Amino acid sequence: MSDRAIVTISNRLPVAKTSSGWRASAGGLVTALKPVMESRPGAWVGWDGGAEDVPAKVPDLSVRLRPVSLSRAEVNAFYHGFSNRSIWPLFHDLVQPATFDRAWWENYRVVNERFAGETARLRLRGAPDALLWVQDYHLMLLPQMLRRRRPDAPIAFFLHIPWPAPELFSRLPWREEILRGLLGADVVSFHTDRYRKNFVRTCGRLLDCEVSGRTITMDGHTVSTSACPISIDAKAFERLATSDEVENELARLRKQFSGRRVLAGVDRLDYTKGILERLEALEQLLERRPDLRTKLTFVQIAVPSRGAVREYRELRTQIEQVIGRINGRFTEPGHDVPVYYLHRGVPLPRLIAYYRLADVFLVTPLKDGLNLVSKEYVVSQAAGGDAGALVLSEFTGAALELERAILCNPFDIDGVSNAIERALEMSADERRERLADMAKRVRRNDVFRWLDRQLREVDRVLG
């Protein structure tokens, strides 16, 4: 693996302030990049979350932190507005209608400039050729802004969500500005080749540029595009899955749910995750199979997300209403409710205990760039010698890797219901065989191999 230093630039710093002080925060991006960033010299640039006392380092994350300060109005327009009410729904195939507001766009541009200024001023001692690695849809103007300030710096961009078809992206009023911003990088990367091809086709259709295979040349600058799905630190998950702490948590959960088969889902509370559709599929299964009403429990962990956005508050209300209806319809006297709902995050050891507990794990987003939870589940299950089954949406990037999962179309409620039933009826031997195959693939393509492929592509492009 290349030992190049990395400056990661993301919407937010990977830390949170707790009652016991500053700690590394949870979340998919932080979980994926933490082992990567700790393996080499580097720094992390991101929004300070409104805090004025962010330390240079925190105890459980050996990475230098560079905070960016934003006003409340900027956060509302840049993050809650343009990023999550314009770009997010548009890039997720308009599962929810997108809103285009010029004031939000102007704030998005201003905030990207702020990030560019902070990053350009950062210098790593002894690492003049550090890679400036921009993460995700919040900062799509940043590569070009950095190129102007640091013309000789290696710059890469990774998109953690899908890139839509050109026909959808073309609806964005500021489409050319976004594309030009991304083409300031040396390498632009995506989870899947479909997303990469969508991006290349979009550039060819909307810009006066030259497209040749995986490269795009514009204004004398050539950009390479690549596809490489992000992953997890598989060995770390295997160690934790068999640790005493997780085993103790698992014993308590098995006692609590004794005599029942457990279905589980773990998601951010987001309309793209298909939680409502998943609940409707469960409701249909319980209607069709009265014999399962006292034998099944579905545990849905929904981590709070973007509560300042109206659509997310409305989604929470809808989910809780459907859960109330299911429990009201199918709870038998003297028996437990069929749906347990946790609207909160849970500590990682307990989360892994839920992974190991689940006889069937439901990952059914309507659209998802990749989905790391599915990888965490199969690795944790295989490490513990368990025999769970993964029901996985075909519209996740992970479906291309985890092809031994039971794939489903999350828009087909009947189909999801039947997939759950099939998972419940599958033999333990077949479930273990499928888990072993998927876990082996995740181990082989872990987060460190993902990083290695990213850095090798940068080194190849820069010569």
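In helix 3, the buried residues (under 20% relative accessible area, with exposed meaning over 50% and partly exposed in between, for a 1.4 Å probe and protein chains only) are Trp-104, Trp-105, Tyr-108, Val-111, Asn-112, Phe-115, Ala-116, Gly-117, Glu-118, Thr-119 and Ala-120. The model is predicted: local features need pLDDT of at least 70 and side-chain atom pairs count only at pLDDT 80 or more, whereas totals for chains, interfaces and linings use all residues. Residues are numbered from 1 along each chain as its sequence is written, and side-chain values use heavy atoms, with hydrogens and water left out. Helices (H or I, at least four residues) and strands (E, at least two) are DSSP runs numbered from the N terminus.

Helix 3 comprises 20 residues (102–121), for which a span of 28 Å is expected at 1.5 Å a residue; the expected span is 1.5 Å times one less than the number of residues. The end C-alpha atoms of helix 3 are 29 Å apart, in agreement with this value. At the start of the helix, a side-chain oxygen of Asp-101 comes within 2.8 Å of the backbone nitrogen of Ala-103. In the loop between helix 2 (72–91) and helix 3, Leu-94 has a positive phi of about 55° although it is not a glycine. Leu-94 is partly exposed, with a relative accessible area of 24%.

Two residues of helix 3 also take part in an aromatic cluster: Trp-105 and Tyr-108 are grouped with Phe-78, Phe-82 and Trp-174. Rings of Phe, Tyr and Trp (its six-membered ring) are paired if their centres lie within 6.5 Å, with planes under 30 degrees apart counted as stacked, over 60 as edge-to-face and the rest as tilted. By this rule there are 21 aromatic pairs. One of them, formed by Phe-361 and Tyr-377, is stacked, at 4.5 Å centre to centre and 10° between the planes. This pair links distant parts of the chain, with Phe-361 in strand 15 (residues 360–363) and Tyr-377 in helix 13 (residues 372–384), 16 residues apart. Phe-361 and Tyr-377 are both buried.

Helix 13 also contains Ser-374, which is buried at a relative accessible area of 0%. A polar atom of the Ser-374 side chain lies 2.8 Å from the backbone oxygen of Asn-371.

A further ring interaction involves Arg-306, which lies over the face of Trp-88 at 4.4 Å from the ring centre; the criterion is NZ of Lys or CZ of Arg within 6 Å of the ring centre and within 35 degrees of the ring normal. Arg-306 is located in the loop between strand 13 (296–303) and helix 11 (310–330). Its phi is positive, about 50°, although Arg-306 is not a glycine, and at 12% relative accessibility the residue counts as buried.

Two open sheets were assigned on the basis of strand pairing, for which DSSP must find at least two bridges between two strands. In one, 9 strands follow the order 5-4-1-6-7-8-11-10-9 with mixed pairing. Strand 5 (64–68) and strand 9 (210–212) are at its edges, each with a single partner strand, so one side of each has no neighbour in the sheet. Neighbouring strands are turned by 20° against each other on average, direction ignored. Within this sheet, strand 6 (residues 131–135) and strand 7 (residues 155–158) run parallel and are joined by 4 bridges, with Leu-132 opposite Ile-155.

Strand 9 pairs with strand 10 in the antiparallel sense over 3 bridges, and Ser-212 has Thr-215 as its bridge partner. These strands form a hairpin with 2 residues between them, and Gly-213 in the turn has a positive phi of about 60°. Strand 10 (residues 215–218) shows alternating side chains: Ile-216 and Met-218 point to one face and are buried, while Thr-215 and Thr-217 point to the other and are not. Strand 10 runs antiparallel to strand 11 (residues 221–227), with 4 bridges joining them; Ile-216 is bridged to Val-223. A hairpin is likewise formed by strand 10 and strand 11, with 2 residues between them and a positive phi of about 55° at Asp-219 in the turn.

In the other sheet, 6 strands are arranged in the order 14-13-12-15-16-17 with parallel pairing. Strand 14 (339–342) and strand 17 (406–408) stand at the edges, each with a single partner strand, so one side of each is left without a neighbour. Strand 16 (residues 389–393) pairs with strand 17 over 3 bridges, and Val-391 has Ile-406 as its partner in strand 17.

Key. Polar contact = N/O pair within 3.5 Å; in protein donor to acceptor, adjacent residues only side chain to side chain. Axes fitted to C-alpha atoms, helices over the stretch in contact; angles between N-to-C directions.
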